[in-house]
Amino acid sequence: MPRQRVAVLISGRGSNMDALIAAANDPAYPAEIALVLSNVPTAAGIERADRMGIATAIVDHTQFGKDREAFERAVQKVLETHRIDIVCLAGFLRLLTPFLVRQWEGRMLNIHPALLPAFKGLDTHARALAAGVKQHGATVHFVVPEMDAGPILAQAAVPVLADDTEATLAARVLAAEHRLYPQALGLLAGGRVTVRDGRCLVDGVPVPVPASV
Ligand code: GRF
C-alpha cells in the first residue's frame, strides 16, 4: 500500500504538526506529510515545516471576507494540487462549512484537547478545572459539519491533579496529544479504520475509549 499523502492544517504553534512529521519520518509509517497549510501567514509552524523541506501553503482567510466557502474552495484547490489523501486539522482555528467537510468525509481528522463529548469548544482546560473533573485528555475524531463532533477514533486520558493550574494541565494534555495523533493517523492511513453507525472500528473491533497512550 503506498504511503498516504497527508496535509496538516494549522493556524499557529504547530506542535501537533511536529509530532505528525516526526512519526512520518519513519519510512514504515503509512503516511507522509505532503503539505502543511495555514490560514494565518505568521503561523510559527509554517516556518518550521518550510525549514524541514515540507511543501507549505498559506490561504489567508482574511482575504475572503465573510465568504467562508470561497476560502474553502481555495483550500480545496491547494489540497487537490498536492494530491492529498488525508487531512489532519491540528490547531486549525477555522470552523469549516459542510462544503469542505463533505469533500473529505472519512478522510479528515481533528484533535481536540478534551475527552469528547465533554468540553467542546475553546478553553477546555480551564473548564475542566472549574468542573472538578478527575480525568481530562484529548480526542482524535473524524470531522463532521457539527463542531467537535464526529466518530471518535482515539482518546487519551490524563489525571487532573489537585494542584493543577490551566498551564500544568494543558501541558500534560498536550504531551498526550503528541502521542495520540500520530497513532490515530497511523491507523487511518494504514487502512485499519472503518466507521459503522457513527462509531469507529479498528481492525473490525470497537475502539477502547479512552485508550491509554
Ligand atoms: C492543541 O491543543 C489541539 O488539541 C487544539 O489546538 C492546540 C493546537 O496546538 N486543537 P499546536 O498548534 O498543535 O501546538
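This section describes a helix, a small set of paired strands, several salt bridges and the ligand surroundings in a predicted model.

Helix α3 comprises 14 residues, 68-81. At 1.5 Å a residue a helix of this length should span 20 Å, and the end C-alpha atoms of α3 are 20 Å apart, so the expected and computed spans agree. The buried residues of α3 are A70, F71, E72, V75, Q76, V78 and L79. Several of these positions can be read against the helical repeat. An α-helix has 3.6 residues a turn, so residues three or four places apart point the same way. The cover over the buried residues of α3 includes four strands and a helix, namely β1 (4-10), β2 (31-38), β3 (56-58), β4 (86-89) and α4 (98-103). Just after α3, the backbone at R83 adopts a positive phi of about 50 degrees.

Further along the chain, 3 strands make up an open sheet in the order β8-β9-β10, with antiparallel pairing. The edge positions are taken by β8 (193-196) and β10 (205-206), and each has a single partner strand, so one side of each is left without a neighbour in the sheet. Strand β9 covers residues 199-202 and is joined to β8 by 4 bridges, the two running antiparallel. Within this pairing, V193 has V202 of β9 as its bridge partner. In general terms, strands of a sheet pair through backbone hydrogen bonds, either parallel or antiparallel.

The model holds 6 salt bridges, of which three are described here. One of them joins the side chains of D18 and R48, with an N to O distance of 2.7 Å. Because D18 lies in helix α1 (residues 15-24) and R48 in helix α2 (residues 44-51), the pair ties together parts that are 30 residues apart in sequence. D18 counts as partly exposed, because its relative accessibility is 25%. R48 is likewise partly exposed, with a relative accessible area of 23%.

A salt bridge between the side chains of E47 and R51 has an N to O distance of 3.4 Å. Both residues belong to helix α2, where E47 and R51 are 4 residues apart, about one turn of the helix. E47 counts as exposed at 52% relative accessibility, because the threshold for this class is over 50%. R51 has a relative accessibility of 63% and therefore also counts as exposed.

The side chains of E146 and K120 also meet in a salt bridge, at 3.4 Å from N to O. This pair links distant parts of the chain, 26 residues apart: E146 sits in the loop between β6 (135-142) and β7 (152-159), while K120 sits in the loop between β5 (108-112) and α5 (124-131). K120 is partly exposed, its relative accessible area being 29%.

The ligand is surrounded by R13, G14, S15, N16, G91, I111, H112, P113 and E177. Backbone atoms contribute polar contacts at two of these residues. A polar backbone atom of G14 lies 2.8 Å from an oxygen atom of the ligand, and for N16 the corresponding distance from a polar backbone atom to a ligand oxygen is 2.9 Å. E177 contributes through its side chain, a polar atom of which is 2.7 Å from an oxygen atom of the ligand.

Definitions and conventions
Residues are numbered from 1 along each chain as its sequence is written. This is a predicted model: local features need pLDDT of at least 70, side-chain atom pairs count only at pLDDT 80 or more; totals for chains, interfaces and linings use all residues. Side-chain values use heavy atoms; hydrogens and water are left out. The expected span of a helix is 1.5 Å times one less than its number of residues. Buried means under 20% relative accessible area, exposed over 50%, partly exposed in between (1.4 Å probe, protein chains only). Contact means heavy atoms within 4.5 Å. Two strands pair if DSSP finds at least two bridges between them. A salt bridge is a side-chain nitrogen of Lys or Arg within 4 Å of a carboxyl oxygen of Asp or Glu. A residue is near a molecule or strand if one of its heavy atoms lies within 4 Å of it. A polar contact is a pair of N or O atoms within 3.5 Å; within protein, one must be able to donate a hydrogen and the other to accept it, and residues adjacent in sequence count only if both atoms are side-chain atoms.
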